[in-house]
Amino acid sequence: MPSYTVTVATGNQWFAGTDDYIYLSLVGSAGCSEKHLLDKAFYNDFERGAVDSYDMTVDEELGEIQLVRIEKRKYWIHDDWYLKYITLKTPHGDYIEFPCYRWITGEGEIVLRDGRAKLARDDQIHILKQHRRKELETRQKQYRWMEWNPGFPLSIDAKCHKDLPRDIQFDSEKGVDFVLNYSKAMENLFINRFMHMFQSSWNDFADFEKIFVKISNTISERVMSHWQEDLMFGYQFLNGCNPVLIRRCTKLPEKLPVTTEMVECSLERQLTLEQEVQQGNIFIVDYELLDGIDANKTDPCTHQFLAAPICLLYKNLANKIVPIAIQLNQTPGEENPIFLPSDAKYDWLLAKIWVRSSDFHIHQTITHLLCTHLVSEVFGIAMYRQLPAVHPIFKLLVAHVRFTIAINTKAREQLICEYGLFDKANATGGGGHVQMVQRAMKDLTYASLCFPMAIKARGMESTEDIPYYFYRDDGLLVWEAIQTFTSEVVGIYYESDQVVEEDQELQDFVKDVYVYGMRGKKASGFPKSIKSREKLSEYLTVVIFTASAQHAAVNFGQLFLGMYPEEHFIEKPVKEAMARFRKNLDAIVSVIAERNKNKKLPYYYLSPDRIPNSVAI
């Protein structure tokens, strides 16, 4: 009688093991096996991190194995189990891999296909078509769209973390990490003392040092020592935590009536201000988005204020960016003067502080929350709803949306909700941050997520004219590495543009992002469909770059782009492409490390060894 060897790998997460009964049956082209209890005498099966093997004899030849069914039945109490993968050795000595990487909860069942990635057109057998269809039907019931606030990208329909599908919840270990990291951040900032500082007047600028008292690294120490200087102020627009707002000024705006006479002492080339603009030496950062946003009024004892500044910057003869004029609100007038470096020391310093305050609000709510977290959640929900686990694009993207929906759900519970941390600590709390996202959605476009396009749109692409823009330099290297990788993967599974166009699951994924995530707004530029391999590669690069590199640049990452611990792909060509991807990323790490040598203020946020795969890792 035919005999199979079944190898079962249990996850390493906390509580991944189970004491429940595990049954397995095989579905082949020539027949189905009976259910077999996977159990070894006097042995504790399916412990956390274990890899267990079992011999399984069947009554008759099953033919080519198409599906594996795993059932879990209660032993004493319901005991969730995380199954990594199953490997099957056939009677003919062949090995078949069945990736899973999912939780089996309650008295549940999972049906697995082998690990070969397949497009829908590749499935000609009815049982495989049916499995594919049922998986998506189940997922679409679990992953529902919801409007958290009018005008926002749609999010997951879950009021709290425990309402999420088990497979996308934080596992216990990650959940503990979240709590500990949250607590550590509060401890590092002395949050209670920090709050109190904002509820009373500060006596002198030395109070700023209290914020840094427990944050110790090369960058924070350098910033703490030099934060008052114009060179540091300008540098942060290029390589700080919000390096996406500065743009080349091609025409002085009428709402900023600055003249050559006003800034003459800052101009080093003996040119007029207009001539400096024409030569490309003037840059601008405009916080117009904050104009009219309601300041936080949740605490009647604390008066909070917002500004909507315009900051003009100049590239000096040393090719460094320095501020030369600041107007704190959008409408010029006697009550809204233009502050200059030639003003009294503390007048100029306070003007710069107002700009930094405004930059913080845009960074936290728009650059970070909206343009990485919420956008990545949109991609994640659409992926789960429209791409089965066997689809190559699912296998490619799943690592880059890991825990994204969970961390965003936690944020809606604890951070950006009513009475959350935003309301307690931010001047845009109490509803202002919601207004900001609603406004910013009008400017959130597909092109703004395409890194090279975004850089060019702001006139910041020239390495010769702007030599110290490391965010741009490193970002382009990482973007190109990701795009090369996605192009290889697309080429493996799509032999022509026609195959891309005819992949209905892919088109449904792209349409879900456009219709629900971007609310069907044509002006967003998000594609409704994708009709070529080149455009598909670009789209996938946007998804991966946004979740990994862009988030790292504005949130300071801690993990490793290009590392895929869950082996969803089993095909050799894809594994070879992954190896080349890692090699390209290693080369970028070396380039960045060499550049950073001996730098007093190194830039390493986009070094691939510091880039997390997703916004929540």
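The following exercises, each with a worked solution, concern a predicted model.

**Exercise 1. The open sheet**

Determine the order of the strands in the open sheet of four strands, and identify its edge strands.

*Solution.* Step 1. Strands of a sheet pair through backbone hydrogen bonds, either parallel or antiparallel.

Step 2. In this open sheet the strands follow the order 5-1-7-8, and their pairing is antiparallel.

Step 3. Strand 5 (51–57) and strand 8 (95–104) each pair on one side only, and they are the edge strands.

Step 4. On average, neighbouring strands of the sheet are turned by 20° against each other, direction ignored.

**Exercise 2. A pair of strands**

State how many bridges join strand 1 to strand 7, and find the bridge partner of A9.

*Solution.* Step 1. Strand 1 covers residues 3–10 and strand 7 covers residues 81–89.

Step 2. The two strands run antiparallel and are joined by six bridges.

Step 3. The bridge partner of A9 is Y85, in strand 7.

**Exercise 3. Two annotated histidines**

Locate H368 and H551, and decide whether each is buried or exposed.

*Solution.* Step 1. The unreviewed UniProt entry places the feature "binding site" at H368, H373, H551 and I617.

Step 2. H368 lies in helix 8 (residues 345–386), whereas H551 lies in helix 18 (residues 533–555).

Step 3. A residue counts as buried under 20% relative accessible area. H368 has a value of 11% and is therefore buried. H551 has a value of 2%, so H551 is buried as well.

Step 4. Leaving aside residues up to four places away in sequence, H368 touches H363, H373, H551, V554 and N555.

**Exercise 4. The crossing of two helices**

Describe how helix 8 and helix 18 meet.

*Solution.* Step 1. The axes of helix 8 and helix 18 come within 10 Å and cross at roughly 145°.

Step 2. The crossing of these helices is left-handed.

Step 3. Residues of helix 8 that meet helix 18 include T367, H368, C371 and F379. Among the residues on the side of helix 18 are Y539, V543, H551 and N555.

**Exercise 5. Cysteines without a partner**

Explain why C32 forms no disulfide, and describe the surroundings of C265.

*Solution.* Step 1. The structure holds zero disulfides.

Step 2. A disulfide requires two cysteine sulfur atoms within 2.5 Å. The closest cysteine sulfur to that of C32 belongs to C100 and is 19 Å away, which is too far for a bond.

Step 3. C265 is likewise in no disulfide, and the nearest cysteine sulfur, that of C311, is 15 Å away.

Step 4. Residues over 50% relative accessible area count as exposed. C265 reaches 59% and is therefore exposed.

How values were computed: Residues are numbered from 1 along each chain as its sequence is written. This is a predicted model: local features need pLDDT of at least 70, side-chain atom pairs count only at pLDDT 80 or more; totals for chains, interfaces and linings use all residues. Side-chain values use heavy atoms; hydrogens and water are left out. Two strands pair if DSSP finds at least two bridges between them. Axes are lines fitted to C-alpha atoms, for helices over the stretch in contact, and angles run from 0 to 180 degrees between N-to-C directions. UniProt positions are given in the numbering used here, feature names are shortened, and annotations may be inferred rather than shown by experiment. Buried means under 20% relative accessible area, exposed over 50%, partly exposed in between (1.4 Å probe, protein chains only). Contact means heavy atoms within 4.5 Å. A crossing is left-handed if the near helix is turned anticlockwise from the far one by less than a right angle, and right-handed if clockwise.
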